Amino acid sequence: MAPTDDSFTIIAPGPSDIDQDGPSIVGDPDMGFAGLRHFGPDLIHHTQLKIRSGLATPDFMLVDSPGMIDSPHAAANYQSPSSHVIGGGYKGGVPRSPNHLDRGYDFGGVCRWYADRADVILLFFDPDKPGTTGETLSVLTQPLAGMDHKLYIVLNKADQFRRIQDFARAYGSLCWNLSKVIPRKDLPRIYTMCL
């Protein structure tokens with residue numbers, strides 16, 4: 001398996017292939033990303049733009065977020081849906097989530113910033129970790145709360161299962177983990193994808 005990327009990568013169509021770093025994206029008023037300044041330089045330096053020519057659809061932007069992680073800090077600071085405390089403290093005037101110790105910026109706040117502007121949110125789970133990280137549970141209960149109308153949950157790499165029982169086990173585990181944090185009678189539909 002490839003290591004998890006630690007940057008927000010924006011992919012957009014264009015006439016030629018161009019890569020830009022975070023400061024140039026945030027500094028360009030025509031790009032629409034100036035609001036990310038609020039989250040500080042750690043986020044800006046973990047943001048990149050990849051403009052690619054020859055994409056089939058010319059009118060879209062795709063934002064690939066870093067993979068969600070589980071660390072002792074994230075798991076220890078996870079707030080259940082019934083909790084009244086969201087986030088923890090301030091540093092440098094920027095509100096920080098419990099995950100700021102892992103990333104250096106308010107990851108949940110950045111997810112919410114992008115989610116508010118997105119038409120569709122695809123949340124991918126791999127078969128080996130079907131929704132078990134503290135950061136995933138935190139993002140589902142806080143930044144993505146109220147986004148059900150545009151959130152699609154995807155169990156990725158379904159072709160890696162050798163037996164249907166393994167698929168059923170991973171799917172059931174994902175359903176169980178999501179049932180703990182999604183306050184609905186029925187779970188949302190979980191889509192599957194193959195490589």
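Okay, a definition to kick off: two strands pair if DSSP finds at least two bridges between them. Strands here are DSSP runs of E, at least two residues, and helices are runs of H or I, at least four, numbered from the N terminus. With that, look at Phe124: its bridge partner in β8 is Val154.

Quick housekeeping. This is a predicted model, so to speak of local features we need pLDDT of at least 70, side-chain atom pairs count only at pLDDT 80 or more, and totals for chains, interfaces and linings use all residues. Residues are numbered from 1 along each chain as its sequence is written, and side-chain values use heavy atoms, with hydrogens and water left out.

Back to the strands. β7 and β8, residues 151–155, run parallel over five bridges. They belong to an open, parallel sheet of three strands, ordered β7-β8-β9. β7 (121–125) and β9 (190–192) are the edges, each with a single partner strand, so one side of each lacks a neighbour in the sheet.

Now helix α7, residues 164–179. Its 16 residues should span 22 Å at 1.5 Å a residue (1.5 Å times one less than the number of residues), and the end C-alpha atoms are indeed 22 Å apart. Which residues of α7 are buried? Ala170, Leu174, Cys175, Asn177 and Leu178, where buried means under 20% relative accessible area with a 1.4 Å probe, protein chains only, and exposed means over 50%. They cover an arc of only 170 degrees around the axis (taken from directions to the C-beta atoms), which puts them on the same side of α7. On the other side, Ile164, Arg169 and Trp176 are exposed.

And the cover over those buried residues? It includes β7, α6 (134–141), β8 and β9, with contact meaning heavy atoms within 4.5 Å.
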